[in-house]
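This report looks at one protein chain, going from its overall build to its nonpolar cores and then to a single acidic residue. Please keep the sequence and the coordinates at hand while reading.

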Amino acid sequence: MISSIRAAVERRATRRVALAALAGVVGCVAGLAWRQDRLGGLQLLDVRGWYTPAEAAALFDALDRLDAQARTVYAVTGLTVDMLFPVTYGLLFAILLIRLFRAPLWTLPLALAAADALENATVAALALGYAGGPSPLAWAAATFTLVKTLLIVAVLAATVVGTVRWLWRRRRR
């Protein structure tokens, strides 16, 4: 299974696809910046490393105080632009890591993208189903957020190490 996924990523690991993924990342970042501005600059759940159901409920209360549509905007953007974001950055980092390493480190961005997508789905479900109090589903969302945060560190570390190794080898030639 892993070898067939690797083959599919390798076939798509071209400069053209990488540039398209980069353009997608830039577009998603712009969309997420719009969401952040639209939601009053509140610290949203998906940018925290960890949170409790009570903290999630407090955010939804703050969004409700902001305006009647704020929670819906949060949920809808979580299911649209914030779902496209992990696809684009996951592909971009998988391409980079498949080019930099022989080891299967290219699977890290795919795991990161999966954790991010699961986080987005659970946060959207929380936002749309908010009934005025903490929900046990927030524990699942927080777990996905924590896993995503740890995988971001791993992906960035692997990318930096791989890039330094690549530059070192080129310099020695």
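The sections below take up the fold, the surface and charges, the cores, and one residue in a loop.

## Fold and dimensions

The model is predicted, and its secondary structure comes to seven helices and zero strands, so that the order of elements from the N terminus reads α-α-α-α-α-α-α. Along its principal axes the C-alpha trace spans about 60 × 30 × 25 Å.

Among the contacts with a sequence separation of 6 or more, 78% are between residues 24 or more positions apart.

## Burial, surface and charge

The protein has 173 residues, of which 40% count as buried. Its accessible surface comes to about 9,600 Å², and 68% of that surface belongs to carbon and sulfur atoms.

The protein carries 19 positive and 10 negative charges, and the mean positions of these two sets are 22 Å apart.

## Nonpolar cores

The largest nonpolar core has 24 residues, and Phe85, Tyr89 and Leu97 are those with the most contacts inside it. The elements that give two or more residues to this core are α2 (15–38), α5 (81–100), α6 (107–128) and α7 (137–172), and the largest share, ten residues, comes from α5.

When its neighbours within four places in sequence are left aside, Phe85 is in contact with Val25, Cys28, Val29 and Leu32. Apart from this core lies another one, of 21 residues, which includes Ala57, Phe60, Ala138 and Ala141.

## Asp46 in its loop

Is Asp46, which lies in the loop between α2 and α3 (53–66), buried or exposed? Its relative accessible area is 9%, and because the cut-off for burial is under 20%, Asp46 counts as buried.

The side chain of Asp46 takes part in a polar contact of 2.7 Å with the side chain of Arg35, and in another, of 3.3 Å, with the side chain of Tyr74. If residues up to four places away in sequence are not counted, the residues that Asp46 touches are Arg35, Tyr74, Asp82, Glu119, Asn120 and Lys148. This list thus holds both polar-contact partners named above, Arg35 and Tyr74, together with the acidic residues Asp82 and Glu119 and with Lys148.

Terms used. Residues are numbered from 1 along each chain as its sequence is written. This is a predicted model: local features need pLDDT of at least 70, side-chain atom pairs count only at pLDDT 80 or more; totals for chains, interfaces and linings use all residues. Side-chain values use heavy atoms; hydrogens and water are left out. Helices (H or I, at least four residues) and strands (E, at least two) are DSSP runs, numbered from the N terminus. Buried means under 20% relative accessible area, exposed over 50%, partly exposed in between (1.4 Å probe, protein chains only). Contact means heavy atoms within 4.5 Å. Accessible areas come from the Shrake-Rupley method with a 1.4 Å probe; for residues, only the protein chains shown count as cover. Lys and Arg count as positive and Asp and Glu as negative; His and the chain ends are not counted. The place of a charge is taken as NZ of Lys, CZ of Arg, CG of Asp or CD of Glu. A nonpolar core is a set of buried Ala, Val, Leu, Ile, Met, Phe, Trp, Tyr and Cys residues joined through side-chain atoms within 4.5 Å. A polar contact is a pair of N or O atoms within 3.5 Å; within protein, one must be able to donate a hydrogen and the other to accept it, and residues adjacent in sequence count only if both atoms are side-chain atoms.
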